[in-house]
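Student: I have a new model open and would like to talk it through with you. Shall we go through it one question at a time?

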Amino acid sequence: MNFSEVFKLSSLLCKFSPDGKYLPRQLRITVWSLCTKSVSYIKYPKACQQGIAFTRDGRYMALAERRDCKDHVSVFVCSDWQLLRHFDTETQDLAGIEWAPNGCVLAVWDTCLEYKVLLYSLDGRLLSAYCAYEWSLGVKSVAWSPSSQFLAVGSYDGKVRILNHVTWKMITEFGHPATVNNPKIVVYKEAEKNPRLALGRLAFPPPRAAAGPASTTESKYEVASAPVSLQTLKPVADRANPRIGVGALAFSPDNYFLATRSDSVPNAVWIWDIQKLRLFVVLEQLSPVRSFQWDPQQPRLAICTGGSKVYLWSPAGCVSVQVPGEGDFQVLSLCWHFSGDSLALLSKDHFCLCFLETGERVGTAFGRPGDHT
């Protein structure tokens with residue numbers, strides 16, 4: 001997919017049958033070409049968690065559909081939006097689809113009420129089906145590794161299961177315990193500290209930029225000694241969408257690390273060493289983690305918690321960065337530029353661009369490899 005086309009999931013106007021009965025609304029996808037000004041329509045999209053997926057090279061688009069109480073997937077050629085393949089899926093209520101980065105395999109997962117992950121080829125053949133357990137809430141998140149060799153499946157039982165691309169069987173699983181007992185695992189805890197101000201330099205009234213609550217405190221990371229107890233959240237059992245399970249997954253661009261967030265431990269980000277299949281680092285924030293994303297060019301993770309700070313981690317260490325500007329800019333989500341030189345930070349009504357310095361100054365900020373600062 002390129003930027004010359006715009007997609008929109010829209011609802012058609014309600015209609016009435018000749019006898020005056022109301023007909024339910026139907027969804028459709030509208031495609032506008034910014035080059036030729038042509039408009040295309042795609043019928044029967046399913047309104048689900050993740051119903052549209054593009055291959056990384058932009059050649060194909062997979063669309064989840066619901067027809068006659070049955071789930072289907074249609075594969076379109078993005079150059080002319082012609083239908084390439086159409087097949088039904090062995091799901092009760094399809095929840096999401098995701099292409100492997102090489103564009104050869106499509107992962108399809110079922111509703112959380114039934115644990116089922118299906119792997120389809122480009123021509124619609126079912127390659128494999130995976131089920132970890134039954135009679136409990138199932139899949140909550142899915143992520144492919146950049147090499148397409150691993151598929152990480154986050155579940156409501158608080159575990160991440162890694163499937164391999166040869167047999168599509170599980171090779172390992174990662175849990176998220178509330179206590180980290182292994183002294184070899186580095187646990188970073190965010191600590192807030194009031195800045196030291198000299199009395200002779202105090203200004204009254206304070207400048208507007210320094211008057212906000214976020215600018216009166218500094219944040220840093222401290223290395224905790226094992227055993228380390230993490231803050232947990234007790235889910236409310238009588239409400240929908242309980243705060244349990246692995247809600248976010250992301251592989252680093254070099255396939256070396258996997259970052260996860262367990263919704264029952266909302267303030268922590270877990271970073272796993274995929275080559276050694278073990279826990280590498282845990283970062284515990286003062287506030288619940290809203291979003292995290294890897295730098296597309298190197299193993300560097302950016303994290304936001306809904307406050308006015310951005311947190312960066314690399315194998316050399318981690319750092320807390322205050323967002324400059326007037327007032328309190330609450331970072332709700334973030335997005336890397338493909339070059340890795342800048343970040344887009346989004347709040348409720350505004351956004352800002354963060355440019356990172358390159359060269360020796362970045363190495364000074366993050367420390368040297370093997371250090372934990």
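Student: Which residues form one aromatic cluster?
Tutor: Happy to start there, and keep in mind that this is a predicted model. A search of the whole structure finds 14 aromatic pairs. One cluster brings together Tyr256, Phe257, Phe280, Trp294 and Trp313.

Student: Phe87 and Tyr120 also pair, so is their pair stacked, edge-to-face or tilted?
Tutor: Let's take the geometry step by step. The ring centres of Phe87 and Tyr120 are 5.1 Å apart, and the planes meet at 35°. Planes under 30 degrees apart would count as stacked and planes over 60 as edge-to-face. The angle of 35° fits neither, so the pair of Phe87 and Tyr120 is tilted.

Student: How many residues apart are Phe87 and Tyr120, and are they buried or exposed?
Tutor: Buried requires a relative accessible area under 20%. Phe87 has 10% and Tyr120 has 2%, so both count as buried. Phe87 belongs to strand E9 (residues 82-88) and Tyr120 to strand E12 (residues 117-121), so the pair links distant parts of the chain. Their separation in sequence is 33 residues.

Student: Staying in strand E12, which residues does Ser121 contact beyond its sequence neighbours?
Tutor: Ser121 lies in strand E12, and its relative accessible area of 8% makes it buried. Leaving aside neighbours within four places in sequence, its contacts are Cys104 and Leu127.

Student: How many disulfides does a search of the whole structure find?
Tutor: A disulfide is a covalent bond between the sulfur atoms of two cysteines. The model does hold cysteines, among them Cys69, which is exposed at 70% relative accessibility, and Cys112, which is partly exposed at 26%. For disulfides, the search of the whole structure returns 0.

Student: Which residues have the most contacts inside the largest nonpolar core?
Tutor: This core has 22 residues. Strands E15 (150-155), E16 (160-164), E22 (246-251), E24 (268-273) and E25 (278-284) each supply at least two of them. A second, separate core of 20 residues includes Ala250, Phe280, Leu301 and Tyr311. Back in the largest core, the residues with the most contacts are Val160, Leu230, Leu258, Trp270 and Val282.

Student: What does Leu230 touch, leaving aside its neighbours within four places in sequence?
Tutor: Leu230 is one of the residues with the most contacts inside the largest core. Two others named with it, Trp270 and Val282, are also among its contacts. The full list is Pro177, Ala178, Val180, Val265, Ala268, Trp270, Val282 and Glu284.

Student: Where does Trp270 stand in relation to E25?
Tutor: E24 and E25 run antiparallel and are joined by 6 bridges. They form a hairpin with 4 residues between them, and Leu277 in the turn has a positive phi of about 55°. Across this pairing, Trp270 stands opposite Val282.

Student: Which residue in E25 is the bridge partner of Lys189?
Tutor: Strand E19 (residues 186-193) runs parallel to E25, with 4 bridges between them. Since 6 of the 7 residues of E25 are buried, E25 is largely enclosed by the rest of the structure. The partner of Lys189 in E25 is Glu284.

Student: How far apart in space are Phe251 and Leu151?
Tutor: Phe251 lies in strand E22 and is buried, with a relative accessible area of 8%. Beyond four places in sequence, its contacts include Phe150, Ala152, Phe257, Leu258 and Trp294. Phe251 and Leu151 are 100 residues apart in sequence, yet C-alpha to C-alpha the distance is 9.8 Å.

Student: Is Arg67 buried, exposed or partly exposed?
Tutor: Arg67 sits in strand E7 (residues 60-67) and, apart from neighbours within four places, is in contact with Tyr44, His72 and His86. Its relative accessible area is 29%. Buried means under 20% and exposed over 50%, so Arg67 is partly exposed.

Student: To finish with the whole chain, what percentage of its residues count as buried?
Tutor: The chain has 1 helix and 32 strands. Its accessible surface comes to about 20500 Å², with 54% of that belonging to carbon and sulfur atoms. Of the 373 residues, the buried share is 45%.

Methods: Residues numbered from 1 in each chain as written. Predicted model: local features only at pLDDT ≥ 70, side-chain atom pairs only at ≥ 80, totals over all residues. Heavy atoms only, no water. Core = buried A, V, L, I, M, F, W, Y, C linked by side-chain atoms within 4.5 Å. Buried < 20%, exposed > 50% of the residue type's maximum accessible area, 1.4 Å probe, protein only. Helix = DSSP H or I, 4+ residues; strand = E, 2+ residues; numbered from the N terminus. Contact = heavy atoms within 4.5 Å. Disulfide = S-S within 2.5 Å. Phe/Tyr/Trp six-rings, centres within 6.5 Å; stacked < 30°, edge-to-face > 60°. Areas by Shrake-Rupley, 256 points an atom, 1.4 Å probe, with all protein chains shown as cover. Pairing = 2+ DSSP bridges.
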